[in-house]
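Colleague: Hey, I'm new to this one. Can you walk me through it?

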Amino acid sequence: MSSPVLPNTPKKKNSLYAETVAIHPRSVSGKFRTSKWWLGIGLLLFFHIAPFLRWDRGPGVPSQAILGDIDGGRGYFFFIEIWPQEVYYLTGLLLIAAISLFFMSAVAGRVWCGFLCWQTVYTDLFVEIERRIIGDRSAQMALDRQPWTGGKIAKKAAINALWLIISAACGIGFTLYFGDAFVLLRQIFTLEASVPIYSFILIVGGLCYLLAGFAREQVCFYMCPYSRFQSAMLDEHSLVISYEGWRGEPRAPARKGQSFEGRGHCIDCKLCVTVCPTGIDIREGLQMGCIGCGLCIDACNGMMDKVGLPRGLIRYDSTANIAAREAGQEPSTKVVRPRTLAYTAILAVLIAGLIAALATRPDVRTNVLHERSPLFALMSDGSLRNGYVVKLVNMAHRDRTFVLKITGLPGVSVQVIGGPKGTASQVELPVGAASVGSFQVYVNASQKDLSSEKMPVMFEMTDKETGTVVEAESFFSGPDK
């Protein structure tokens with residue numbers, strides 16, 4: 001795999017640094033370019049519309065379908081509600097996303113980078129704005145060479161103004177996922193939002209402006225880690241952007257009506273290079289800079305049509321199929337193979353496990369912490385007292401009362417600070433709807449009932465309404481025996 005050196009980069013003798021040359025990709029039409037536009041439009045529409053989708057979760061609960069509720073400390077995705085204690089669900093989602101990316105790469109190369117990545121989507125949009133205001137590749141390069149005149153300043157200002165508007169929309173759109181979209185949008189435009197919200201918009205929008213407007217292909221070459229290990233995801237049956245050198249070489253310019261007898265079909269027009277958003281020459285083989293967008297295929301197919309040659313000199317195919325065609329054999333696409341089967345199996349296990357965990361998760365969780373200092377206290381009647389902090393997480397959207405009793409140690413009595421005075425064999429712990437109840441609990445026991453200095457005990461909490469029981473294990477501490 002060749003190193004990420006940009007085309008037409010001036011080389012300096014005995015220098016390890018090469019200056020970055022601005023890349024102005026040429027416009028092209030074809031099925032890949034059309035697919036990119038439709039997918040990009042669909043992704044942007046979903047990104048900006050999704051925060052306004054509603055989902056009824058009952059009274060007192062946010063009705064936004066997709067919401068990261070910072071104030072409430074919850075995450076909502078339609079019917080799924082994630083609490084901070086359930087961060088492992090997010091870990092599962094990240095694993096599924098990673099394996100899905102590996103699977104996509106094994107089957108279809110860098111299809112994510114070329115069609116679905118947000119950097120690609122916004123860069124395409126920014127490049128199109130340049131074309132609309134300045135013109136295509138040659139006009140942009142000519143403008144770059146011109147001195148700074150009023151006309152050049154006006155065009156650059158118009159481009160940057162539109163970039164800033166789109167970047168601001170990106171920052172605002174992202175922010176709307178972390179608060180009620182309708183309320184937050186009104187607050188943003190009426191200048192009633194808080195400073196952190198405007199700061200968040202500035203950070204996200206600023207990154208969009210810098211990365212899509214100026215960094216562009218540098219993100220793919222130097223900032224994105226995926227380009228560094230993409231080759232580990234591929235094999236000879238993975239579909240990638242490929243140049244059929246056996247058919248195209250030796251390359252040479254061609255005049256109208258000239259025979260292609262005894263020479264390659266590549267006329268060295270360099271359209272495949274000038275339309276590439278990262279500026280690579282795909283004829284040199286698969287490279288780290290190739291994002292798999294297929295625009296070079298559209299350009300080459302258009303040129304093949306003009307010179308009357310078969311399409312497919314550059315194609316979206318596997319290296320195995322290209323080798324088969326070179327040998328005169330029938331190509332075949334193998335999607336089912338050990339690598340893809342392994343990714344499919346891992347994905348199936350992860351998805352099934354996540355669904356099962358969500359379907360069977362309890363709507364109440366508990367945690368019991370024994371006080372460290374002192375471990376126990378000797379009471380005036382000779383009994384021993386241990387202190388605990390009992391936390392109950394009520395995930396249901398209704399008030400609940402739990403009855404606490406201690407098992408594993410005979411004759412214990414319980415007292416809750418802030419509850420009824422005195423001790424009893426069991427006490428009630430009220431917890432509000434969708435909230436966490438924290439209780440300071442003292443447990444008393446007779447010294448004669450302790451067979452060791454640390455006795456295991458079980459905290460059993462029973463929902464008075466449903467009979468649901470949750471348990472937490474702890475210990476009762478006493479003096480050395």
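Modeller: Sure, here is a short tour of a sheet, a buried residue, the cores and the cysteines. This is a predicted model, so local features need pLDDT of at least 70 and side-chain atom pairs count only at pLDDT 80 or more, while totals for chains, interfaces and linings use all residues. Residues are numbered from 1 along each chain as its sequence is written, and side-chain values use heavy atoms, with hydrogens and water left out.

Colleague: OK, what is the strand order in the open sheet of four strands?

Modeller: The order is β11-β9-β13-β14, paired antiparallel. Strands are DSSP runs of E, at least two residues, and helices are runs of H or I, at least four, numbered from the N terminus; two strands pair if DSSP finds at least two bridges between them. At the edges sit β11 (426-431) and β14 (469-477), each pairing on one side only.

Colleague: And how many bridges join β9 to β13?

Modeller: Six, between residues 400-407 of β9 and 454-463 of β13. L404 stands opposite M461 in β13.

Colleague: New topic: is E244 buried or exposed?

Modeller: E244 is buried, at a relative accessible area of 1%. Buried means under 20%, exposed over 50%, and partly exposed in between (1.4 Å probe, protein chains only). You'll find E244 in the loop between β4 (240-243) and α11 (245-248).

Colleague: Which side chain does the E244 side chain make a polar contact with?

Modeller: That of R315, at 3.2 Å. A polar contact is a pair of N or O atoms within 3.5 Å; within protein, one must be able to donate a hydrogen and the other to accept it, and residues adjacent in sequence count only if both atoms are side-chain atoms.

Colleague: Which residues touch the most other members of the largest nonpolar core?

Modeller: I241, I282, C296 and I314, out of 42 residues in that core. A nonpolar core is a set of buried Ala, Val, Leu, Ile, Met, Phe, Trp, Tyr and Cys residues joined through side-chain atoms within 4.5 Å. The largest share, seven residues, comes from α13. A second, separate core of 28 residues includes V390 and I406.

Colleague: How many disulfides are there in the whole structure?

Modeller: Zero. A disulfide is a pair of cysteine sulfur atoms within 2.5 Å.

Colleague: Why does C117 have no bond to C113?

Modeller: Because the two sulfurs are 6.1 Å apart, too far for a bond, and C113 holds the closest cysteine sulfur to that of C117. C170 is in no disulfide either, with the nearest cysteine sulfur, in C208, 4.1 Å away.
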